[in-house]
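Q: Please take a close look at one part of this model, the aromatic side chains and the helices that carry them. What do they pair with, and how do the helices pack?

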Amino acid sequence: MVRNILPPIHVHPILILFIAISIITGTFIEMLIIFIIVFIHEMGHYLMARFFGWRIRRIMLWVFGGVMETEEHGNRSIKEEVLVTLAGPLQHFFIFALLHLLLQFGFIPDVIFQTAIWYNTIILLFNLLPIWPLDGGKILFQLFSFLMPFKKALDMIFLLSLVLCLSFAIGHLFFFPFTLTFALLMLFLFLENRMEWKRRFYIFMRFLMARYRGNHTVQKMEPLYLSGHQTLMEVFSHFKRDKKHTIILNDKSNETKRIDEADCLHAYFHEKRYANQINELF
């Protein structure tokens, strides 16, 4: 029964390293508190995603956070993804209330209470940083997706995250004493975003495939006024989430031509007309 409720849960090697360090340094209790908080945080994401019927591959836990790996990337509504993202940070307020109740009824000593409150606050604030794949970065990506085409939103969030990781790392070296924990966290986030930057075209193609198969949310119709000399891939780079597009072209005879995005996607994926310009579809 438990296997039907919980997804596969994996522990990132960096978390295993920190657990080993905590055993050696005698800080295992603090590490256990962090692990429990992170687990509750990720369960918030998971339960909300399960409520919406998301396909979830696994949950990866690492220090001060985790990642819920899912097939639903860009094909669910922005509103839905925001709710799933916010469900994680909201668990910290539940943890605050639970800790006060446990202290009030004498179930935990004051030293454990103070330690848990501290780590719960730190983990909450850390996850709200505007860096992908932290919750703050995901919320920022949803905002980018609302304001601009999906492909541009991808480029913006990964590039911004790389810059912020370097900026925080350099700023920490100049203004604060060096800590191994912070250095490893920034290195981990930088490498994650570097990998995502390399595979952003694959993410974009998965977004297009979902639209081609009709597995995406449509909230609004929005025309795209484009040049007929643009290739199909250039046309796709204008596609926005939660919207269905009609491409409108004006040729030299001032004749208006219209084509549905579904026809463009069919020409690309089914007919394999990869190099065609949009005006060649008429």
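A: What follows starts from one aromatic pair and moves out to the helices around it.

The model is predicted. It contains 12 aromatic pairs. In one of them, W132 and F158 sit edge-to-face, with 5.8 Å from centre to centre and 80° between the planes; an angle over 60 degrees is what places a pair in that class. W132 belongs to the loop between helix 5 (110–127) and helix 6 (135–147), while F158 is part of helix 7 (residues 150–175), so the pair ties together parts that are 26 residues apart in sequence.

Both rings can be placed by accessibility, where buried means under 20% relative accessible area. W132 has 9% relative accessibility and therefore counts as buried. F158, at 0% relative accessibility, counts as buried as well.

The pair is also part of a cluster: ring pairs link W132 and F158 with F141, F150, F204 and F207.

Some of these residues recur where two helices meet. On the helix 7 side the contacts involve F150, K151, L154, D155 and F158, and on the helix 9 side R200, I203, F204 and F207. The packing of two helices is described by the angle and the distance between their axes. For helix 7 and helix 9 (residues 200–212), the axes come within 10 Å and cross at roughly 150°. The two helices are therefore roughly antiparallel to each other, and the crossing is right-handed.

One residue of this contact has a further ring neighbour: R200 lies over the face of W197, 3.7 Å from the ring centre.

Definitions and conventions. Residues numbered from 1 in each chain as written. Predicted model: local features only at pLDDT ≥ 70, side-chain atom pairs only at ≥ 80, totals over all residues. Heavy atoms only, no water. Phe/Tyr/Trp six-rings, centres within 6.5 Å; stacked < 30°, edge-to-face > 60°. Helix = DSSP H or I, 4+ residues; strand = E, 2+ residues; numbered from the N terminus. Buried < 20%, exposed > 50% of the residue type's maximum accessible area, 1.4 Å probe, protein only. Lys NZ or Arg CZ within 6 Å of the ring centre and 35° of its normal. Axes fitted to C-alpha atoms, helices over the stretch in contact; angles between N-to-C directions. Parallel < 35°, antiparallel > 145°, perpendicular 65-115°, else oblique. Left-handed = near helix turned anticlockwise from the far one by under 90°. Contact = heavy atoms within 4.5 Å.
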